[in-house]
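The following exercises examine one sheet and one pair of helices. Each task is followed by a solution in steps.

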Amino acid sequence: MTAQLTDGSAVLIDGKAVAAQVHERVRLAVAEWLAAGHRAPALATVLVGADPASEIYVRNKRLTCEKVGIRSAPNHLDADISETDLLAVIDGLNADDAIDGILVQLPLPKHINADKVIERIRPDKDVDGFHPYNFGRLAQKTPTLRPCTPFGCVELLKSTGVPLAGKRALVIGQSNIVGRPMALELLLLGCTVTIAHSRTRDLPEEVGRAEILVVGTGIPEMVKGDWVRPGAIVIDVGINRLPSGKLCGDVEFATARERAAFITPVPGGVGPMTVAMLMENTLVAARNRAGGQ
């Protein structure tokens, strides 16, 4: 179990430590892949514009690629690139046999339809796991390339060492990036799953029943700590900056950790896992494209 005691009653799930384990697993697997005579897996990143947060995310992905032995192929495009020209860049990467994975950094400028761009990526190179084909494979219980953040949440849940099958799980948020695929991942773990959203009645009651709670709403401290069921596992996907400059999640951490058995911190919980699972997906994509060798 990769977790550490906090000064409260809950055990803090250390996302940095779990991510480091994934990095090492991928690094060793890539080394074996190279020793078998294959070229290094290659990840193409596509960044449109100069959004500071997006630039940081892409740089972190590039540095992690270097750490695990994956070749990074960055593509930095002007913010005013047309949708047609961006799709042409995607087509070129789709056709490039030296590229195994394609990641388009979101959000895109408003004049570009993100759904159209995502659907243009070849499913076998869609290492973000957002293409309808890969989403459908997850829904059909035959996952290939899985959405990275929910996939990372699964690793965090498993790191607790708690048997997960049969647990009552609640996902708050129904986005295509986190909420919906997270529910599907929990079903694969054998959980009984509820999804809560803006029209859910009596959210505190729903939270109070959940043995596993995953929250991804983007609303600072929306879930109050005293709603949390004693002994629950809490995975907080949110990361928000308060007017004071302090970072916080979507769960009221200080109170929740007094009731939960396990809880992720913000930052240092879910965040590091997204990039770690991107590395895993890129390796999977390379293997799949080589015929599963």
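Two strands are said to pair if DSSP finds at least two bridges between them. The model examined here is predicted.

**Exercise 1. Determine the order of the strands in the open sheet and the sense of their pairing.**

Step 1. Consider strand β3 (residues 42-48) and strand β4 (residues 71-77): they are joined by seven bridges in the parallel sense. Within this pairing, T45 has P74 of β4 as its bridge partner.

Step 2. Consider next β3 and β5, which pair over four bridges, again in the parallel sense. Here V46 stands opposite V104 of β5.

Step 3. Combine the pairings: the three strands form an open sheet in the order β4-β3-β5, with parallel pairing. The edge strands are β4 and β5 (101-104), each of which pairs on one side only. On average, neighbouring strands of the sheet are turned by 15 degrees against each other, direction ignored.

**Exercise 2. Trace the path of the chain from β3 to β4 and state the handedness of the crossover.**

Step 1. Recall that β3 and β4 pair in the parallel sense. Between them the chain passes through helix α2 (residues 52-68), forming a β-α-β crossover.

Step 2. Assign the handedness: this crossover is right-handed.

Step 3. Place the helix: α2 packs on the sheet and touches β3, β4 and β5. The direction of α2 makes about 170 degrees with that of β3.

**Exercise 3. Identify the buried residues of helix α5 and explain why they line one face of the helix.**

Step 1. List the residues of α5 (residues 132-139) with under 20% relative accessible area. They are N134, F135 and L138.

Step 2. View the helix down its axis: the buried residues of α5 fall within an arc of 100 degrees, so they line one face.

Step 3. Find the packing partner: the buried residues of α5 pack against α7 (179-188).

Step 4. Follow the chain onward: just after α5, K141 takes a positive phi of about 70 degrees.

**Exercise 4. Classify the mutual orientation of α5 and α7, and name the residues that make their contact.**

Step 1. Take the axes of α5 and α7, which come within 9 Å and cross at roughly 30 degrees.

Step 2. Apply the cut-off: angles under 35 degrees count as roughly parallel. The helices α5 and α7 are therefore roughly parallel to each other.

Step 3. Name the contact residues: α5 contributes F135, L138 and A139, while α7 contributes R180, P181, L184, E185 and L188.

Definitions and conventions
Residues numbered from 1 in each chain as written. Predicted model: local features only at pLDDT ≥ 70, side-chain atom pairs only at ≥ 80, totals over all residues. Heavy atoms only, no water. Buried < 20%, exposed > 50% of the residue type's maximum accessible area, 1.4 Å probe, protein only. Helix = DSSP H or I, 4+ residues; strand = E, 2+ residues; numbered from the N terminus. Arc of directions from axis to C-beta. Contact = heavy atoms within 4.5 Å. Right-handed = clockwise from strand over helix to strand, strands pointing away. Axes fitted to C-alpha atoms, helices over the stretch in contact; angles between N-to-C directions. Parallel < 35°, antiparallel > 145°, perpendicular 65-115°, else oblique.
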